[in-house]
Amino acid sequence: MPFVGLALWVFLFIVRGGMCEFNDFMGVYQAHYAQVDGLWKYFQAVTMAVVGWVIVNDKLLQSRLKLIAFLLGYLIFCVGNYSALRVGQGQLLMLEKVVNENSSSVKGFSELKALSVDEISIFYGGVVLAVVVGVSLLARLKKTLVE
């Protein structure tokens, strides 16, 4: 649930009659950042599991249909994970703006700078493409070695 941070900020804003302090904004930002980071952790764990499973499972690589079904399942996961990550990152950028706008009175604080949605999209797409291409090449290589 990557959107609790934004809901918490709205709650604080309403309860305090529009009067929130920098620490409130920063706390909400940090909570939301942790939730977005959790989405990255899911992606990392599933991606590593896919790569590991392909390396040790020769039967999966012997059938083209099984391999396609396996990769399709991975891609479906990636679409869902990316959708949540994209929304979460967009909200993180909104919270970043609120924190930075309210940081002028905080001594020693420069500013927050989160990656843009486009930057994470390029990275995410690159990793998914590398995994799919790598798994496909590995399957072809293993099949060639067996024959």
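**A helical chain and its nonpolar cores**

Setting aside the residues within four places of it in sequence, Val128 is in contact with Phe43, Tyr74, Leu75 and Cys78, where contact stands for heavy atoms within 4.5 Å. The model behind this description is predicted, so that local features need pLDDT of at least 70 and side-chain atom pairs count only at pLDDT 80 or more, while totals for chains, interfaces and linings use all residues. Residues are numbered from 1 along each chain as its sequence is written, and side-chain values use heavy atoms, with hydrogens and water left out.

Val128 also belongs to a wider grouping, since Tyr74 and Val128 are the residues with the most contacts inside the largest nonpolar core, which has 19 residues. Such a core is a set of buried Ala, Val, Leu, Ile, Met, Phe, Trp, Tyr and Cys residues joined through side-chain atoms within 4.5 Å; buried means under 20% relative accessible area, exposed over 50%, and partly exposed in between, with a 1.4 Å probe and protein chains only. At least two residues of this core come from each of H2, helix H3 (58–62), helix H4 (64–101) and helix H5 (117–146), and H5 gives the most, with 7 residues. Apart from this core lies another, of 10 residues, among them Met26, Val98, Val99 and Ala114. In soluble globular proteins, nonpolar side chains tend to be buried together.

The helices named here belong to a protein chain that has 5 helices and 0 strands, arranged from the N terminus on as α-α-α-α-α. Helices (H or I, at least four residues) and strands (E, at least two) are DSSP runs, numbered from the N terminus. Among the contacts in the protein chain with a separation of 6 or more, 74% are between residues 24 or more positions apart.

Two residues of helix H2 illustrate different surroundings. Thr47, which lies in helix H2 (residues 22–56), is buried because its relative accessible area is 7%, and, not counting residues up to four places away in sequence, Thr47 touches Tyr74, Val127 and Val131. Trp53 is also placed in helix H2, but Trp53 counts as partly exposed because its relative accessibility is 45%; leaving aside neighbours within four places in sequence, Trp53 is in contact with Leu60 and Phe70.

For the protein chain as a whole, buried residues make up 33% of the 147 residues. The protein chain exposes about 9,400 Å², of which carbon and sulfur atoms supply 68%, with accessible areas taken from the Shrake-Rupley method with a 1.4 Å probe and, for residues, only the protein chains shown counted as cover.
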